[in-house]
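Trainee: I would like to learn how to read a sheet and a surface patch in a model. Could we work through one case?

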Amino acid sequence: MAKIITALPKGRLMEQVVEILKEAGFISTGLDIDEISRKLVFTDEKTGHSFLLAKPKDVPVYVEHGAADIGVTGKDVILEHGKRLYEVQDLKVGTCKLVVAVPVEQGINRVEDIPDHSRVATSFPNITRHFFQKIGKQVEIIYLNGSVELAPLVDLADLIVDITSTGTTLRKNNLLPIADITFSSSRLIVNNVSYKTKHGIIGRLIEKLNEIRGDDSDA
């Protein structure tokens, strides 16, 4: 029987994803999450499937190029990178949204009131560029790899586009969300070739995930 290589997202989502895959019978229930998280690559001896641990932003790269057959990462990451792969299942964890946020003292409450040529700091330059082009607003995009909230505090940017789940970090940095760009959650993605050559086992995994996470016809 074909074995599957899965790219798992390192970090806060990993435990939730592993528990879902255990419930689906794809990972042995006896595997210790703490032991798994200390390795970069491991094989589940009972199921025969192998797993590699990668940053969520890198998961689509491993899957697109065939280093992994399937993977789990956020919808925001998939939209930003636009990889050639199949998005087959919403796991309905890691929910968050990508928002436009401005310093409260600017007194801006609508995205339409953002001045042209404003500087926008973000880790999602492609989504941000598409959003502002769509509304006909000219902005300068400044790419940052993290800690985007810092940019307005040090006058690197006038506003930000960033992920938020509870809004706490935005509030702590005196930032007001004024527009939702997109909503995100963790998705199961599949390499184009693997989806055909290993469709039997991948199809059974998708069916099992549908049973335990609900049907996901719009994934």
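Mentor: We take the sheet, then the helices on it, then a surface patch; the model is predicted.

Trainee: In what order do the 6 strands of the open sheet run, and what is the pairing?

Mentor: Read a sheet by strand order before anything else. Here the order is β2-β3-β1-β4-β11-β5, with mixed pairing.

Trainee: Which strands stand at the edges?

Mentor: An edge strand is found by counting partners. β2 (41-43) and β5 (86-90) each have a single partner strand, so each has one side without a neighbour in the sheet. On average, neighbouring strands of this sheet are turned by 30° against each other, direction ignored.

Trainee: In which sense do β1 and β4 pair?

Mentor: Look at the bridges. Strand β1 (residues 5-9) pairs with strand β4 (residues 70-74) in the parallel sense, over 2 bridges. T6 has I70 in β4 as its bridge partner.

Trainee: Which strands does helix α1 touch?

Mentor: For a packed helix, list contacts and then the angle. Helix α1 (residues 14-23) packs on the sheet against β1, β3 (50-54) and β4, and its direction makes about 145° with that of β1. Helix α9 (residues 199-213) also packs on the sheet, touching β4, β5 and β11 (186-190), with its direction at about 30° to that of β5.

Trainee: Which residues make the nonpolar surface patch?

Mentor: L150, L153, V154 and L156 make this patch of about 360 Å². V154 lies in the loop between α6 (150-153) and β9 (159-164).

Trainee: Why is V154 called exposed?

Mentor: Compare the relative accessible area with the cut-off. V154 has 52%, and exposed means over 50%.

Technical notes. Residues numbered from 1 in each chain as written. Predicted model: local features only at pLDDT ≥ 70, side-chain atom pairs only at ≥ 80, totals over all residues. Heavy atoms only, no water. Patch = residues over 30% accessible without salt bridge, like charges linked within 9 Å, V, L, I, M, F, W, Y side chains within 5 Å. Areas by Shrake-Rupley, 256 points an atom, 1.4 Å probe, with all protein chains shown as cover. Salt bridge = Lys/Arg side-chain N within 4 Å of Asp/Glu carboxyl O. Helix = DSSP H or I, 4+ residues; strand = E, 2+ residues; numbered from the N terminus. Buried < 20%, exposed > 50% of the residue type's maximum accessible area, 1.4 Å probe, protein only. Pairing = 2+ DSSP bridges. Axes fitted to C-alpha atoms, helices over the stretch in contact; angles between N-to-C directions. Contact = heavy atoms within 4.5 Å.
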